[in-house]
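I opened this notebook to record, entry by entry, what I looked up in the structure shown here.

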Amino acid sequence: MNYNLFDSFQLGSNTLANRIVMAPMTRLRADGTIPTQLMAEYYAQRVNAGLIVTECTMISPLSQGYMNVPGVYNDEQVAGWKLVTDSVHNAGGKIFLQIWHSGRVSHSALLDGEKPIAPSAIAGKGQLHTPIGKVDLETPRALETSEIPEIVEQFRDCAVNAKQAGFDGIELHGAFGYLIDQFLQDGSNQRGDKYGGSIENRARFLLEVVEAVTQVWGGDCVGIKLSPSNTFYGMFDSDPKATFGYVIKELNSFNLAYIHLMEANEVDLSTRDVINPVLPVFRPLYEGNIITNGGHNKETGNKAIASGNAELVSYGKPYLANPDLVTRFKQDAELNEPNPKTFYGRGDTEDAKIGYTDYPFLEKSLLF
Ligand SMILES: Cc1cc2nc3c(=O)[nH]c(=O)nc-3n(C[C@H](O)[C@H](O)[C@H](O)COP(=O)(O)O)c2cc1C
């Protein structure tokens, strides 16, 4: 049978109305670290997706990489997320929470004066907005071996909190150069203990986190995002095929909801000779569901599903700008263009809705 984007899908215990996923996107419009009613409105507008994955969400104060990014480590944050899950569920949708630790992608100006933490004391490349202005990523402090189980426990606790907040599942952010990715790749991990060195050792942190959160949710409500070709924040691995191949094979035993696999983007392709395309290299290694992501349109999404290389397709920027993306795809309607100037907000301000909840829906007349 030849499936397409509009066919329903059984994702573990969640039945999805279609195979179109809204990719996780940081929008920096939280009230400090607390999700707001406006965020609930934004996600509910996009409820036509078979599955929504939220923006990355902090598991602890030290996991912060940006201002006005939400957390899920205290009761107020959980109550804020409840507004979001209630509004998505009332509109008939499904929503997973992306949980995240930024690791070295941070600065003491965001961390109450504490140094960012990472597998090794190697600074990432790039700059961040902080309360003291735009600054270079700071050289992090290498975690002691004895500190690592605490961070695994923070992921576990936040998986519990996500359940209390009413989510349908969680996605671990293992991509884009943040803490889990920093442990995995040898450009950022030069530890000499059981969390560094061999691929098995570098993958240990990721697999321990997966083990912890699947104990809370069961495998079938947990996904993980991976980006084998991403070069952001100076990420690098000497043998990404072997590193990610090992991890993806190991993930087979957890019966996860999915692996969310990012393709290389233009910056990656212009930085280094990265794996491209990603999907055909890793598909043969994974027995479960794959969400393919990165630069897809309706046609490439349908092709990925028809080829059997992916079960689901996620859309980032197209969803950001088109709350009714599924309808537009169905009708081959024109898409709104995303405006990068308003991708990131400055918290719960008067103008937070600009470029957020004000992208137009198709005219009603076009719907019939
Ligand atoms: C504004 C913006 C914020 C993003 N924030 C996140 C994030 O919080 N977590 C994440 O895993 N990816 C994040 N991404 C990456 C997207 O999930 C996706 O991988 C990327 O945009 C490629 O998909 P696309 O070509 O369909 O946009 C972000 C992308 C954008 C444009």
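I began with contacts: two residues are in contact if their C-beta atoms, placed from the backbone, lie within 7 Å. I noted that this is a predicted model, in which local features need pLDDT of at least 70 and side-chain atom pairs count only at pLDDT 80 or more, while totals for chains, interfaces and linings use all residues. Residues are numbered from 1 along each chain as its sequence is written.

Entry on Ser-120. I found Ser-120 in contact with Ala-142, Ser-188, Asn-189, Gln-190 and Arg-191, leaving aside its neighbours within four places in sequence. Ser-120 and Ala-142 are 22 residues apart in sequence, yet their C-alpha atoms are 4.4 Å apart in space. I then asked whether Ser-120 is buried or exposed. Ser-120 is buried, with 21 other C-beta atoms within 10 Å, where buried takes 20 or more such atoms, exposed 12 or fewer, and partly exposed lies in between.

Entry on the core. I looked up the largest nonpolar core, which has 97 residues, and those with the most contacts inside it are Val-21, Ile-99, Ile-170 and Val-313. Such a core is a set of buried Ala, Val, Leu, Ile, Met, Phe, Trp, Tyr and Cys residues joined through C-beta atoms within 7 Å. Following Ile-170 further, and leaving aside its neighbours within four places in sequence, I listed its contacts as Phe-96, Leu-97, Ile-99, Ala-159, Ala-162, Val-213, Trp-217 and Val-222. In soluble globular proteins, nonpolar side chains tend to be buried together.
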